[in-house]
Amino acid sequence: TNRVKTAVLIAGYKRSLPGDTDLPAVNNRMMELQYLCVLLFAAVLWPEVQGKLKPGECEVCIKFMEKFIKRIDDTYTDRTDQDAIELMLFKTCKEATGKEERLCYYVGASDISATKLVREATKPIAQGKPAEKVCEDLKKKDTQICELQHEQEIDLNTVDFKTLRVKDLKKILNDLGGECKGCTEKRDFIDKIEQIKKKKEL
């Protein structure tokens with residue numbers, strides 16, 4: 001492991017130190033050794049720190065895996081059967097929609113997936129790891145998995161439309177069942193949304 005390699009390197013470096021009679025050289029080499037230790041331990045620990053999930057990160061993956069693990073536990077008495085978990089994952093992904101369908105594509109549980117990380121997803125589940133740890137492991141294989149985020153619900157009665165992007169305004173308009181032919185400016189979309197809202201309130 002990285003920690004064993006670190007210990008071996010430090011031990012070898014200590015043996016290369018000069019004798020006690022050459023004190024200035026010893027002090028210099030000891031300072032170099034301390035610096036080397038810092039670099040080596042940083043190399044060991046940095047990947048682990050980088051792999052940790054930040055608050056709110058990987059929400060689509062975590063919510064999907066929480067539901068999936070519950071489904072596994074409700075279906076099987078033994079969660080250690082990785083092949084059974086894999087079959088269930090493919091079945092679950094066939095029913096997935098939206099961002100969860102995209103997650104299945106990244107994991108490799110979709111018929112059109114370019115990559116195959118299914119075993120990387122099912123192995124930690126079979127080992128009893130929680131959803132957050134499963135997604136943490138998957139992030140190390142493909143960072144796109146943790147870039148998926150659920151769209152925030154917008155309260156049309158309180159939101160300030162001027163603060164939204166045109167992309168968001170188009171989605172709201174589409175959700176309301178309207179369209180804005182010839183609209184090019186943000187103001188055009190806002191006016192159209194306001195018109196449809198007033199009609200629905202009548």
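Here are some short exercises, each with a worked solution, on the predicted model shown above.

**Exercise 1. The overall fold**

Work out which secondary structure elements the protein chain contains and in what pattern they follow one another.

*Solution.* Start by counting elements: the protein chain has 9 helices and 0 strands. Then read along the sequence, which gives the pattern α-α-α-α-α-α-α-α-α. Next, look at burial: of the 202 residues in the protein chain, 34% are buried. Now turn to the contacts with a separation of 6 or more: 54% of them are between residues 24 or more positions apart. Finish with the outside, where the accessible surface comes to about 13,700 Å² and carbon and sulfur atoms account for 54% of that.

**Exercise 2. Counting and pairing the disulfides**

Find how many disulfides the model holds, and write down the pairing of the bonded cysteines in sequence order.

*Solution.* The cut-off needed here is a distance within 2.5 Å between two cysteine sulfur atoms. Applying it gives 4 disulfides. Now number the bonded cysteines of the protein chain in sequence order, and the pairing reads 1-6, 2-5, 3-4, 7-8.

**Exercise 3. Two links between helices**

For the disulfides Cys-61 to Cys-135 and Cys-93 to Cys-104, determine the handedness and say which helices are joined.

*Solution.* Take Cys-61 and Cys-135 to begin with: their sulfur atoms are 2.1 Å apart. The torsion about this S-S bond is about -95°, so the disulfide is left-handed. Locating the partners puts Cys-61 in helix H3 (residues 59-75) and Cys-135 in helix H7 (residues 131-141), so that distant parts of the chain, 74 residues apart, are linked. As for burial, Cys-61 and Cys-135 are both buried.

Now go on to Cys-93 and Cys-104, with an S to S distance of 2.1 Å. Here the torsion is about -80°, so this disulfide is left-handed. Cys-93 sits in helix H4 (residues 82-95) and Cys-104 in helix H5 (residues 98-107), so the pair ties together parts 11 residues apart in sequence. Both Cys-93 and Cys-104 are buried.

**Exercise 4. The link of Cys-180 and Cys-183**

Decide whether Cys-180 and Cys-183 are buried or exposed, and describe the geometry of their link.

*Solution.* Begin with the distance: the sulfur atoms of Cys-180 and Cys-183 lie 1.5 Å apart in this model, and the pair forms a disulfide. With -50° about the S-S bond, the link is left-handed. For burial, the cut-off is a relative accessible area under 20%. Cys-180 has 16%, so Cys-180 is buried. Cys-183 has 18%, so Cys-183 is buried.

**Exercise 5. Thr-122 and helix H6**

Establish where Thr-122 lies, which residues touch Thr-122, and what covers the buried residues of its helix.

*Solution.* Place the residue: Thr-122 belongs to helix H6 (residues 118-126). Its relative accessibility is 0%, so Thr-122 counts as buried. Leaving aside residues up to four places away in sequence, Thr-122 touches Gln-82, Ile-85, Glu-86 and Leu-89. Widen the view to the helix, and the buried residues of H6 are Val-118, Ala-121, Thr-122, Pro-124, Ile-125 and Ala-126. Their cover includes H3, H4, H5 and H7. Last, step past the end of H6 to Gly-128, which follows the helix and has a positive phi, near 90°.

Definitions and conventions: Residues are numbered from 1 along each chain as its sequence is written. This is a predicted model: local features need pLDDT of at least 70, side-chain atom pairs count only at pLDDT 80 or more; totals for chains, interfaces and linings use all residues. Side-chain values use heavy atoms; hydrogens and water are left out. Helices (H or I, at least four residues) and strands (E, at least two) are DSSP runs, numbered from the N terminus. Buried means under 20% relative accessible area, exposed over 50%, partly exposed in between (1.4 Å probe, protein chains only). Contact means heavy atoms within 4.5 Å. Accessible areas come from the Shrake-Rupley method with a 1.4 Å probe; for residues, only the protein chains shown count as cover.
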